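Reader: I have a structure open on my screen and would enjoy talking it through with you. Could we take it piece by piece?

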Amino acid sequence: TWENLVGRSRPFWLMYAMFVMVGSGGLITIAQLAPVAGSFAIDKVPLSLLGLTLPTLTLALSIGQVMNGLSRPFFGAVSDRLGRERTMFVAFALEGVAIAFIPYASTPVWFVLCVGLVFFAWGEIFALFPAICTDTYGSRFATANYGMLYTAKGTAALLVPLSSVLVDWTGGWHAVFVVASALNFVAAVLALAALKPLRLRALGAGAATAPASVAHAAE
């Protein structure tokens, strides 16, 4: 029925909103890393790690990309055991903490560590959201469903220029990191307080109206 269709779509739009929150928080942070490192006068300071000596900002971004890649199988495996929403709560909260520390990472080593943690906690959205989308709506149209959900990244990217407006308005980038961190904490709370019960109700409604064989598989 139409009521069941609407009820089952609510988790999707909540996931979409959470994707935008976490995605924009990470993208905004990444966009401001160069100005932050420059303000600390550490962006071009050589830093050695694992036999590599690179300017601090370059090394931080390089390590960040590695951490971004590692986070996807890591959090995917964790969520298989801990549950999607619980893993989202942990990852989003971790990113919120990491972002909050960026404005105080005034030494090269501290800056690289914070940036690596931000990328590590942010990369999981590309593992958890497709997984939870498939869990909720099934595998038959998984590609199309996640393709629609993935447009949230583009929506998040549209919000990034607003961070420059906020910098001009406040005269500094501290407020930007407060907003980016807050978005992650809000998404973390929503994962457990709103998404989990909403998904359970939607799955229950879907199982109740499905044929007996499908309903049994959903139990």
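Reader: Which residue in β2 does Leu47 stand opposite?

Author: Happy to start there, and please keep in mind that this is a predicted model. Strand β1 covers residues 46–49 and strand β2 residues 52–55, and they pair in the antiparallel sense over four bridges. In β2, the residue opposite Leu47 is Leu54.

Reader: What phi does Leu50 take in the hairpin of β1 and β2?

Author: The hairpin has two residues between its strands. Leu50 takes a positive phi there, near 55°.

Reader: Thanks! How many helices and strands does the secondary structure come to?

Author: Read along the sequence, the pattern is α-β-β-α-α-α-α-α-α-α. The secondary structure therefore comes to two strands and eight helices.

Reader: Where in α2 does the kink lie?

Author: Helix α2 spans residues 56–82, and its kink is about 30°. The proline Pro73 follows shortly after the kinked position. That position is Ser71.

Reader: Is Asn68 buried or exposed?

Author: Asn68 lies in helix α2 and touches Phe119, Trp122 and Gly123, leaving out residues up to four places away in sequence. Its relative accessibility is 4%, and the cut-off for burial is under 20%. Asn68 therefore counts as buried.

Reader: Which residues are joined into one network by salt bridges that share partners?

Author: The structure holds three salt bridges. Asp80 forms one with Arg84, with the closest N and O atoms 2.9 Å apart, and the side chains of Arg84 and Asp135 meet in another at 2.6 Å, N to O. The latter pair links distant parts of the chain, with Arg84 in helix α3 and Asp135 in helix α5, 51 residues apart. Through shared partners, the network joins Asp80, Arg84 and Asp135.

Reader: Does Asp80 count as buried or exposed?

Author: Its partner Arg84 counts as buried because its relative accessibility is 15%. Asp135 is partly exposed at 36%. Asp80 has 54% relative accessibility, so Asp80 counts as exposed.

Reader: How many residues apart are Arg199 and Glu85?

Author: Their side chains meet in a salt bridge at 2.7 Å, N to O. Arg199 is buried at 10% relative accessibility, and Glu85 is buried at 6%. The pair links helix α7 to helix α3, and the separation is 114 residues.

Reader: Let's look at the surface. Which element gives the largest share of the nonpolar patch?

Author: The patch is formed by Val97, Phe101, Tyr104, Val109, Trp110, Leu113 and Phe185, with about 690 Å² of accessible area together. Two elements, α3 and α4, give two or more residues to it. Phe185, from helix α7, counts as partly exposed because its relative accessibility is 36%. The largest share, three residues, comes from α4.

Reader: How far apart in space are Met148 and Tyr16, C-alpha to C-alpha?

Author: Met148 is found in helix α6, residues 142–170, and counts as partly exposed at 42% relative accessibility. Leaving aside neighbours within four places in sequence, Met148 is in contact with Phe12, Trp13 and Tyr16. Met148 and Tyr16 are 132 residues apart in sequence, and their C-alpha to C-alpha distance is 9.0 Å.

Reader: One last one: what percentage of the residues in the protein is buried?

Author: The accessible surface of the protein comes to about 10900 Å², and 71% of that belongs to carbon and sulfur atoms. Of the 219 residues, the buried ones make up 43%.

Terms used
Residues numbered from 1 in each chain as written. Predicted model: local features only at pLDDT ≥ 70, side-chain atom pairs only at ≥ 80, totals over all residues. Heavy atoms only, no water. Buried < 20%, exposed > 50% of the residue type's maximum accessible area, 1.4 Å probe, protein only. Contact = heavy atoms within 4.5 Å. Patch = residues over 30% accessible without salt bridge, like charges linked within 9 Å, V, L, I, M, F, W, Y side chains within 5 Å. Areas by Shrake-Rupley, 256 points an atom, 1.4 Å probe, with all protein chains shown as cover. Salt bridge = Lys/Arg side-chain N within 4 Å of Asp/Glu carboxyl O. Pairing = 2+ DSSP bridges. Bend = angle between axes of the 7 residues up to and from the residue.
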